[in-house]
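Q: I've got a model open and I'd like to know what stands behind the labels people put on it. Can we go through them one at a time?

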Amino acid sequence: MSYREDRIICTFYTKIGACRHGEKCSRKHVKPSSSDTILLPNLYQNPKLNKNDGEELNPKQVQEYFDHFYKDIFLKFALFGEVYSMVVCENDNNHLNGNVYVKFANEDSAYNAVMLLNQEWFGGRPVHCELSPVESFHDANCRAYESSTCNRGDHCNFMHVHKPTPQLKSSLFKSQEKSILTKQLQLLRGELTGLENKNEEHEVVSEQTSKPAETTSTETVEKLFASSIPSHI
């Protein structure tokens with residue numbers, strides 16, 4: 001066994017999906033062959049750090065800029081499947097600055113996103129997307145940064161997460177939930193229609209009068225399904 005194969009696993013890469021030493025790290029970075037989480041390194045161009053692009057933005061403008069970015073990419077990722085969670089880092093270091101992590105409801109959605117997003121451009125730059133070993137954003141977050149007490153600056157190896165406004169995040173996830181329920185209803189409607197057509201084709205007219213069997217119409221099922229959708233959506 002070679003030295004590189006016998007190296008100790010880098011816990012930072014496993015937990016955060018990124019390491020400040022990159023490929024030069026003395027420890028092993030185990031890249032997953034399958035995962036429900038993807039990473040897009042340095043995708044978010046933080047205006048607080050890119051001060052050479054023009055006039056410096058105030059905090060309100062920075063948040064508006066971020067919310068616009070968050071909405072755009074959330075809607076893009078949702079095309080590949082249900083987005084379970086999404087975080088954007090604003091660390092002041094190269095290996096975490098602007099990193100976007102997306103956790104899907106299943107591995108197939110993550111795989112399809114990686115395959116297709118690597119062919120696209122965003123903000124005038126080619127997109128790089130990869131499967132990430134990160135399993136829990138909670139464990140990867142910097143607790144001190146959440147309470148505005150992190151004093152490690154660009155030396156911090158945990159996620160400094162920039163959060164969207166609560167109203168925007170709630171709206172996006174509720175819209176996604178409604179879209180998923182609508183698709184499920186359409187699928188159920190199609191299955192019931194096919195079943196009804198099949199029953200009609202194979203219906204045998206009996207000479208004896210018998211009590212008709214109880215059936216569940218497409219309309220009835222739709223009403224039952226619709227009643228299960230939360231009223232706040």
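A: Sure, let's start with a single residue: Asp36 is partly exposed, at 22% relative accessibility. Keep in mind that this is a predicted model, where local features need pLDDT of at least 70, side-chain atom pairs count only at pLDDT 80 or more, and totals for chains, interfaces and linings use all residues. Residues are numbered from 1 along each chain as its sequence is written, and side-chain values use heavy atoms, with hydrogens and water left out.

Q: Why is Asp36 called partly exposed?
A: Buried means under 20% relative accessible area, exposed means over 50%, and partly exposed is in between (1.4 Å probe, protein chains only). Asp36 has 22%, so the middle class applies.

Q: What makes Lys103 and Asp36 a salt bridge?
A: The term needs a side-chain nitrogen of Lys or Arg within 4 Å of a carboxyl oxygen of Asp or Glu. Here the N to O distance is 3.0 Å, so the pair qualifies. Lys103 sits in strand E3 and Asp36 in the loop between helix H1 (11-16) and E1, so the bridge ties together parts 67 residues apart in sequence. Helices (H or I, at least four residues) and strands (E, at least two) are DSSP runs, numbered from the N terminus.

Q: Is Lys103 buried or exposed?
A: Buried: its relative accessibility is 13%.

Q: How many salt bridges does the whole structure have?
A: Three. One of them joins Glu90 and Lys48 at 3.4 Å, N to O. Glu90 is in the loop between E2 and E3 and Lys48 in the loop between E1 and H2, 42 residues apart. Glu90 is buried at 11% relative accessible area, while Lys48 is partly exposed at 39%.

Q: What makes Glu120 and Lys76 a salt bridge?
A: Their closest N and O atoms are 3.2 Å apart, so the cut-off is met. Glu120 lies in the loop between H3 and strand E4 (121-122) and Lys76 in helix H2, so parts 44 residues apart in sequence are tied together.

Q: What is meant by the largest nonpolar core, and which residues have the most contacts inside it?
A: A nonpolar core is a set of buried Ala, Val, Leu, Ile, Met, Phe, Trp, Tyr and Cys residues joined through side-chain atoms within 4.5 Å. The largest has 26 residues, and those with the most contacts inside it are Ile38, Leu40, Phe77, Met86, Val100, Phe104 and Leu117. Helix H2 (59-77) and strand E2 (83-88) are among the elements giving two or more residues, and H2 gives the most, with six.

Q: What does Met86 touch?
A: Contact means heavy atoms within 4.5 Å. Not counting residues up to four places away in sequence, Met86 touches Tyr70, Ile73, Phe74, Phe77, Val100, Tyr101, Val102 and Phe137. Apart from that core lies another, of 12 residues, including Ala18 and Met159.

Q: Where does the "zinc finger region: C3H1-type" label come from?
A: From an unreviewed UniProt entry, which puts it on residues 4-32 and 136-163. UniProt positions are given in the numbering used here, feature names are shortened, and annotations may be inferred rather than shown by experiment. In the model, residues 136-163 are 29% helix and 0% strand, with the end C-alpha atoms 17 Å apart.
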